[in-house]
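Thank you all for making time this morning. I would like to take you through one structure, and I will ask you to keep the sequence and the view side by side while I talk.

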Amino acid sequence: MAISSMTGFARLDGSHGETRWTFEIKSVNGRGLEPRFRTPPGFDFLEQEFRKALTKKITRGSINVHLALKGAAVGGALSVNRVALESAIKFIAEIRTELDCDKPRAESILALRGVLEQETTLDDEDERKALGDALVLSYVNAIGLLAASRLEEGRALAVAICDRIDEVEALTKSARGSAQSTLQAIRDRLKAQITELAAAIPEERIAQEAALLAVKADIREELDRLDAHVAAGRSLIAEGGTVGRQLDFLMQEFNREANTLCSKVQDMELKRIGLDMKTVIDQMREQVQNVE
């Protein structure tokens, strides 16, 4: 399986009898599945079926679905819902007693949901159901197009993430090579400092102090864990499917090891490698946040 992006777009036109429609579906990243539906007045009953069809194809993302209808289903005359209008006017009057504000314009009140209604010529229940079924089928096809769009974007994401993983692996190897000379570098630096102080300290004591400093600066565990994270990242990308949350957690682990590496080392070359690694991990995290 391949990974999917949470970013995608689909547009699909359809018709049933004299009624025509267009579905436009936009998808961006989100913590969970967050659908929002915009349907013409009188077609709210479709939202439950739309939601059920969406969950069969999509698991994460902020999804905006817009349905535009033309023709017989929405070609009736406009009428005012008097109950909704009176309720809106009552609430506006109550609010104006508490707030110093201007009276709303008539068109603003009519724009409130449910106040202005458009009569439909589809009074026949069977015809209404047939149109609803046709709309749901068309919507399912539109969701399929969206899923394909997200999958295509996911292929590009997979390449970008794998490139960043390769960079982390290369930096880890560089850090491992630099770390091998850490003990000798610490020992030389310690001896130089002692020489400047003109202090007479036995070679054995210098070796002990150098060893203690080297233990504190030892980054082998961090590098081993980074190697493990690199392998885990590649495995998740190869596994595919809905691995976005797992990859996001893995980015936290990558970042933790890079931070520890930077805090432990004193060698400037190793610090540079650690900072480069943090930059690459941050770039990878941005990509991962779009993975479903």
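I will go through the sheet, then a pair of helices, and then the start of the chain.

Before anything else, please bear in mind that this is a predicted model, and every value I quote is computed from it.

Let me begin with the sheet, which is open, has four strands in the order β1-β2-β4-β3, and shows mixed pairing. The edge strands are β1, residues 8-16, and β3, residues 33-38, each of which pairs on one side only. On average, and with direction ignored, neighbouring strands of this sheet are turned by 15 degrees against each other.

If we look at the individual pairings, strand β2, residues 19-28, runs antiparallel to strand β4, residues 61-70, and nine bridges join the two. Within that pairing, Glu24 stands opposite His66 in β4, and Ser27 stands opposite Ile63 in β4. On the other hand, β3 and β4 run parallel and are joined by six bridges, and here Glu34 has Ser62 as its bridge partner in β4. Helix α1, which covers residues 47-57, lies across β2, β3 and β4, and runs at about 145 degrees to β3.

Now to the helices further along the chain. Two packed helices are described by the angle between their axes and by the distance between those axes. For helix α7, residues 220-239, and helix α8, residues 244-264, the packing angle is about 160 degrees and the axes are 10 Å apart. Because that angle is over 145 degrees, α7 is roughly antiparallel to α8. The crossing of α7 and α8 is left-handed. Among the residues that make the contact are Leu223, Leu226, His229 and Val230 of α7, together with Leu247, Leu250, Phe254 and Glu257 of α8. Taken as a whole, the residues of the contact of α7 with α8 divide into 10 nonpolar, four polar and five charged.

Finally, which residues does Met1 contact, once its neighbours within four places in sequence are left aside? They are Ile237, Ala238, Glu239, Gly240 and Gly241. Met1 is found in the segment before β1, and although Met1 and Gly240 are 239 residues apart in sequence, their C-alpha atoms are 4.7 Å apart in space. Even with those contacts, Met1 has a relative accessibility of 77% and therefore counts as exposed, the cut-off being over 50%.

Note on methods. Residues numbered from 1 in each chain as written. Predicted model: local features only at pLDDT ≥ 70, side-chain atom pairs only at ≥ 80, totals over all residues. Heavy atoms only, no water. Pairing = 2+ DSSP bridges. Axes fitted to C-alpha atoms, helices over the stretch in contact; angles between N-to-C directions. Contact = heavy atoms within 4.5 Å. Parallel < 35°, antiparallel > 145°, perpendicular 65-115°, else oblique. Left-handed = near helix turned anticlockwise from the far one by under 90°. Nonpolar A, V, L, I, M, F, W, Y, C, P; charged D, E, K, R; others polar. Buried < 20%, exposed > 50% of the residue type's maximum accessible area, 1.4 Å probe, protein only.
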